[in-house]
Amino acid sequence: MTKFLAVVKREYIQRVRAKMFIVSTILLPAVMSLFGIVPAIIFSIETPPMRVAVVDQTGKMYAELKRSLDGDSSGQGAQSDNTSISSGLPRRGLGTFRLEEVNANSQSLEVIRATLDQRLRARELDGYLILPPDFVSNGKAEFFNRNAGDIVSSRALQSALNRATREQRLIEAKVDNKTRQELFKPVNLEGVSLSAGGQERDSGGRFALVFGMGFVMYLAILMYGQIILGSVVEEKETRIAEILFSSVKPFTLMMGKLVGVSFVALTQLAIWGLAFSAFALYGVGVLASRGMSLRIPGVPLSHYLYFGLFFLLGYFMYATLYALVGSMVTTAQEGGQLAMPIILILAVSFYLFLPVSRSPDSPLAFWVSIFPFSAPVAMVIRIITQTPPFWQIALSLVIGFSTVLVIMYAASRIYRVGMLMYGKRASIPEAIRWARQA
Amino acid sequence: MAANEITVKLEGVTKSFGEFTAVRELSLTVRAGRVFGLLGPNGAGKTTTIRMIVNITAPDSGRILLFGQKIDSKLQDRIGYLPEERGLYRRMRVSDQLRFFAELKNVRGKLIESRIDEWLARVKLSEWKNKRSMELSKGMQQKIQFVTSVIHDPDLLILDEPFSGLDPINVELLKEVVLDLKRAGKTIIFSTHQMEVAEKICDDICLLNRSQKIFEGSLREIKSSFGRNSIAVRCEGGDGVLDDPALVSKVVRHADEAQALLAAGANAQVLLKRLIDSGAIIGKFEMVEPSLNDIFITKVTEAT
């Protein structure tokens, strides 16, 4: 027992003290928040409005179009149009226009177009729109654009034109003002999810939370699994294993290593968890006072606990496999290659997060959250989206930890032989033979 | 510890890996307070034998007794083992490293710190105490590795090729340490394929070849049993005489002298006379004990 503790202590202290630990503790949340913030920053960059000349041959569309575009950029009426492409993206800075009316009757269309083409080339204009006299009835218009690649602007223009035309057609159909306003009143769809504790609003925040938790789970299992791989390979590569085995049983050493590193992982996760809670409690308020509204859905304590439990499940499952692989190879690179199939299972279980979080009650979600190799990620995703019945969580844990015991047993038998086999990477049949020996 | 006490006893030990038998029916006795040389060429089964003694692998058949008891993991704490394939944690500080290895042998508390300082001073590496081992030269690392095997003050110290790759000054230093430990009553098993090194420090030897024991006994006894039938000769001319199979069974020529092994029934006086008669100018003619290497070769030839 003292020897076991000595191994645990070494793994823990050496790793927590390492620069790597401190860097990764700070870096991961930084990178994750960067992923959240950067798109928002990019979309908030102000671009100069697009200068568009409108040749309105119908003589009645210009005012309507201008109103529609102005309404758009002030954020109203956006949801009312189902062709709007910018759903979910901040609208500010995208598709703002400065319109200019060109008198369509004073000259012939050819002359007007020649003048406008010239202004376009002289960069006095970014584009011009020609609305033919029969536009309202057949809806065909032409847009001449200096930058054909700017799909966003032309789509925005199209949708504004769409709304304006619809309005005009209703006017012509003698629909009165009040009815028109009624017809265009935007609907408001707010995501509300039912949870055990009652209703919770804001599905967007919850989605981010599910994704974040799934991602952290996946990343932490992968990262700490690879730390185990590196640690085992180091002891094999430097031949320390032989000295160690003359002092401790291989099983004690392997378990000490796994447990020691699991404490490192839990320490890091606890730091992240506390940082997250602190941010949810205080940071959000601070941001809100500066005009950045951010809603973080509340995470009940039980979810933290489940997260910890399923992390330990996933960690011990994959880290033990990594230890097994590490004892079979001669270098960390080889270990990486041999461990590829393992990582693949884990990666797939992470990529299943979308179908699982969309329908957490589906048979697919059920089975991937019960299957031990995908359970850690899948079950946590289910628990956060819609907590499944307790028996399912318990079943997943029981099957998972039983699998861990089987893997540990097999790994310890391969490990004690593999660690003393120098020279070349062991084949899988060889490893199976080792496991059977003695 | 009394001189006739037995530290390690192997009885009919066999170990195979698949088809290959690494150690066959090996019995040997290591007496307390002596330096026991486990000798043989590479692949003779030395490392496998040692791994069984330190309880890393178990024999397929036979019995191993340590300090009169059947080996178990508790007895491991009384053994210090420096394997041939050895290393250190690259990123760990020397003192942390030594502390870890001592803890693995159940040494506790303050005792560890004083032992670390004591041993680092002894191998002249005190100022490297807080350096990471990757900052140390290869020779320094080897000395630290040696210290890891003695930090817990073991009663039995097993050294597998401890001097390989060390410079002569450090070889001398470690040799002194080993002899000091022997004087302190520790038992030392010294495994090597370098017979010249073994010759200088072993009291008893066991020769292994191709998984089997060829000879076991005290180095003194075996040397005297072979008698002084080896002659070191330095002379100019007279080469034909040394090649006469009636007189000399084997001759090994070194840079400036030759080692001649007398043929059975031949006489050194006759050889000397023949050399003088042949007109050779003799610089050196000395009857010497056979080298361990010669004994080994003779024994191997006898056995096959």
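## Contacts and architecture of a predicted two-chain model

Leaving aside neighbours within four places in sequence, A:Phe135 is in contact with A:Thr58, A:Met61, A:Lys140 and A:Ala141. The model is a predicted one. The residue A:Phe135 lies in helix H5 of chain A, which covers residues 135-138. A:Phe135 has 19 other C-beta atoms within 10 Å and therefore counts as partly exposed, since a residue is buried if 20 or more such atoms lie within that distance. A separation in sequence and one in space can also be given for A:Phe135 and A:Glu334: the two are 199 residues apart along the chain, and their C-alpha atoms are 68 Å apart.

### The sheet of chain A

Chain A contains an open sheet of four strands in the order S2-S1-S3-S4, and the pairing within this sheet is mixed. At its edges are strand S2 (97-102) and strand S4 (142-145) of chain A, each of which pairs on one side only. On average, neighbouring strands of the sheet are turned by 20° against each other, with direction ignored. Strand S1 of chain A, residues 50-56, pairs with strand S3 of chain A, residues 127-131, in the parallel sense, and five bridges join the two. Opposite A:Val55 stands A:Ile130, a residue of S3(A). In general, the strands of a sheet pair through backbone hydrogen bonds, in either a parallel or an antiparallel manner.

### The two chains

The table sets out selected values for each chain.

| Chain | Helices and strands | Residues and buried share | Contacts between residues at least 6 apart that join residues at least 24 apart |
|---|---|---|---|
| Chain A | 18 helices, six strands | 438 residues, 34% buried | 77% of contacts |
| Chain B | 10 helices, 14 strands | 304 residues, 38% buried | 69% of contacts |

For chain B, the C-alpha trace spans about 75 × 45 × 40 Å along its principal axes.

### The contact between the chains

The contact takes 18 residues from chain A and 21 residues from chain B. On the side of chain A that touches chain B, the elements giving two or more residues are H1 and helix H9 (240-245) of chain A. By class, the residues on this side of chain A divide into eight nonpolar, five polar and five charged.

A helix pair links the two chains here. Helix H1 of chain A (residues 2-17) and helix H2 of chain B (residues 94-104) have axes that come within 8 Å and cross at roughly 160°. Angles over 145 degrees count as roughly antiparallel, and H1(A) and H2(B) are therefore roughly antiparallel to each other. The crossing of H1(A) and H2(B) is left-handed. From H1(A), the residues that make the contact are A:Lys3, A:Ala6 and A:Arg10, while H2(B) supplies B:Phe100, B:Glu103 and B:Leu104. Sorted by class, this contact of H1(A) with H2(B) has three nonpolar and three charged residues, and no polar ones.

Terms used
Residues numbered from 1 in each chain as written. Chains lettered and ligands numbered in written order. Predicted model: local features only at pLDDT ≥ 70, side-chain atom pairs only at ≥ 80, totals over all residues. Axes fitted to C-alpha atoms, helices over the stretch in contact; angles between N-to-C directions. Parallel < 35°, antiparallel > 145°, perpendicular 65-115°, else oblique. Left-handed = near helix turned anticlockwise from the far one by under 90°. Contact = placed C-beta atoms within 7 Å. Nonpolar A, V, L, I, M, F, W, Y, C, P; charged D, E, K, R; others polar. Buried ≥ 20, exposed ≤ 12 C-beta atoms within 10 Å, placed from the backbone. Pairing = 2+ DSSP bridges.
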